[in-house]
Every structure is written in structure tokens, then in C-alpha cells.
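Q: I've never read a protein model before. Could you walk me through this one, one feature at a time?

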Amino acid sequence: QAVANKWASMSQLDVGSDLAPLLPNPDLQIWQTVTAGGCAGVASRTVTAPLERVKLAAQTGNLNGSFLSAVGQIYSREGVRGLFRGNLANCLRVVPTGAITLTTYLTLLKLTPADGKMDAMEPIYRVSCAATAAAVGNTVTYPLDLVRARMTLASAGGPVHEHILDAFRSIHLKEGVRGFYRGIRPTLLAVAPFVGIQQATV
């Protein structure tokens with residue numbers, strides 16, 4: 001019981017993911033929570049953009065050596081902008097994803113008997129609502145995530161896009177609307193249970 005009470009008291013804690021529908025402070029309006037979360041998400045994504053860039057390049061086998069060596073390779077080929085390739089699309093994705101996910105989560109949670117007390121059923125309500133909300137939020141904003149990935153991996157042999165609108169136009173012309181949702185199934189299979197379990201345990 002003591003552990004459950006401790007977890008319940010920590011429900012406002014940011015667990016470190018822009019995908020998680022954080023429970024808002026009762027003294028704040030939804031728009032205030034979304035704004036604060038959005039700003040935090042943009043800041044964290046921008047600071048860690050070079051790490052994401054190196055990670056994606058390494059996963060595609062386009063870089064060799066240590067982390068510092070990989071950063072040096074990207075910098076020598078593309079300059080500072082190369083380390084932040086795709087970050088604008090990523091930042092544009094963070095805010096609407098969080099807003100849609102949070103709003104959906106709170107709306108669904110109101111339809112359940114959830115009362116905020118850590119009893120036997122509370123985690124089930126949170127898991128189902130959070131997983132559904134994460135699926136909705138990520139489905140709506142998935143095209144931005146796909147464009148971000150395409151732009152980030154442009155130097156790995158993929159097509160190079162001048163800007164976000166160019167990427168959208170190119171994908172639409174070559175792959176149609178379905179092209180914007182390529183790979184969404186494994187994404188939802190990973191995100192929905194992750195957010196659901198995360199929300200049930202904070």
C-alpha cells in the first residue's frame with residue numbers, strides 16, 4: 001500500500017518522453033500543460049538532435065568508428081546544419097503529438113470510473129486510455145515523423161530534400177497518400193504499449 005501511495009503521489013513526474021500523456025496539474029489548464037510540455041519537448045529534441053542524427057546514421061551503416069568520429073564525419077560533410085538535419089520536422093511533430101495525445105487521454109479517462117486512487121482497476125483504466133491516446137496522437141502526426149526520418153537519412157543514400165514542403169511534395173508524388181504512413185504499424189505496436197504501461201506505473 002505504501003508503494004502504491006508513493007507512485008500515486010508521483011503522477012505529475014515527467015518520465016522523460018514526449019510521447020507520454022502526462023497527467024496535468026489540477027491547478028493548470030490543458031492548454032498550459034500542453035504549452036509547457038511542447039516547449040520542453042522542442043528544447044529536449046533540439047539539444048539531442050545531433051545524438052539522434054548519429055544514431056540513425058549508424059543504424060543504416062553509413063558511419064563507422066566511435067561517437068566522436070561519427071560526429072566529425074557528419075560535420076566534415078554537411079557542417080553544423082547536418083547535425084540538426086530533420087530537427088525542424090521533429091519539433092513540429094512534438095507539440096501536436098503531445099496535444100492530441102493528452103487531450104484524447106483526458107477525454108477517454110473521464111469516460112471511465114478512474115478516480116486517481118491506485119487501486120486494482122486504476123492501472124487498467126490508465127493503460128487502455130493512454131495506449132489508445134498514443135495511437136491516435138501518433139497516427140495523426142505520423143506523416144511529420146516519416147518526413148523527419150527521410151530528411152535525417154538523406155545523406156545515407158536516400159533522396160535529398162531542400163526543405164519540409166519539398167519532402168512532403170516528393171513523397172506524395174512518388175508514393176501517394178499511403179506513402180506518408182509507411183511503417184506505421186510497427187510504430188504503433190511499439191508506442192501504444194510503451195505509453196500505456198508507462199502511464200500505468202507513474
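**Reading the model**

Q: Let's start with a single side chain: is Tyr142 buried or exposed?
A: Buried means under 20% relative accessible area, exposed means over 50%, and partly exposed is in between (1.4 Å probe, protein chains only). Tyr142 has a relative accessible area of 7%, so it counts as buried.

Q: Before we go on, what sort of model are we looking at?
A: It's a predicted model, where local features need pLDDT of at least 70 and side-chain atom pairs need 80 or more, while totals for chains, interfaces and linings use all residues. Residues are numbered from 1 along each chain as its sequence is written, and side-chain values use heavy atoms, with hydrogens and water left out.

Q: How many helices and strands should I look for in the protein chain?
A: These are DSSP runs numbered from the N terminus: helices are H or I with at least four residues, strands are E with at least two. The protein chain has nine helices and zero strands. If you follow the sequence, the pattern reads α-α-α-α-α-α-α-α-α.

Q: And what share of the residues in the protein chain is buried?
A: Of its 202 residues, 39% are buried.

Q: Back to rings, then. How many aromatic pairs are there?
A: Rings of Phe, Tyr and Trp (its six-membered ring) pair if their centres lie within 6.5 Å; planes under 30 degrees apart are stacked, over 60 edge-to-face, the rest tilted. That rule gives two aromatic pairs here. One of them is Tyr142 with Tyr181, a stacked pair with 6.2 Å between the centres and 20° between the planes. This pair links distant parts of the chain: Tyr142 sits in helix H7 (residues 122-152), Tyr181 in the loop between helix H8 (164-175) and helix H9 (184-200), and they are 39 residues apart. Unlike buried Tyr142, Tyr181 is partly exposed, at 32% relative accessible area.

Q: Why is the pair of Phe168 and Phe180 called tilted?
A: Look at the angle: the ring planes of Phe168 and Phe180 are at 35°, with centres 5.5 Å apart, so the pair counts as tilted. Phe168 belongs to helix H8 and Phe180 to the loop between H8 and H9, 12 residues apart, and this pair also links distant parts of the chain. Phe168 is partly exposed at 22% relative accessibility, whereas Phe180 is buried at 9%.

Q: How do I read the way H7 and H8 cross?
A: Fit a line to the C-alpha atoms of each helix over the stretch in contact, then take the angle, from 0 to 180 degrees, between the N-to-C directions. The axes of H7 and H8 come within 10 Å and cross at roughly 100°. So these two helices count as roughly perpendicular (65 to 115 degrees).

Q: Which residues make the contact between H7 and H8?
A: Contact means heavy atoms within 4.5 Å. H7 brings Pro143, Leu144, Leu146, Val147, Arg150 and Met151, and H8 brings Ile164, Ala167, Phe168, Ile171 and Glu175.

Q: What about residues far apart in sequence?
A: Take contacts between residues at least 6 apart in sequence: 72% of these join residues at least 24 apart. For two C-alpha examples, try Thr132 and Gly196, which are 64 residues apart in sequence and 8.1 Å apart in space, then Thr35 and Val95, 60 residues apart along the chain and separated by 7.8 Å. Thr132 lies in helix H7 and is partly exposed at 39%. Thr35 lies in helix H2 (residues 30-47) and is partly exposed at 40%.

Key:
Parallel < 35°, antiparallel > 145°, perpendicular 65-115°, else oblique.
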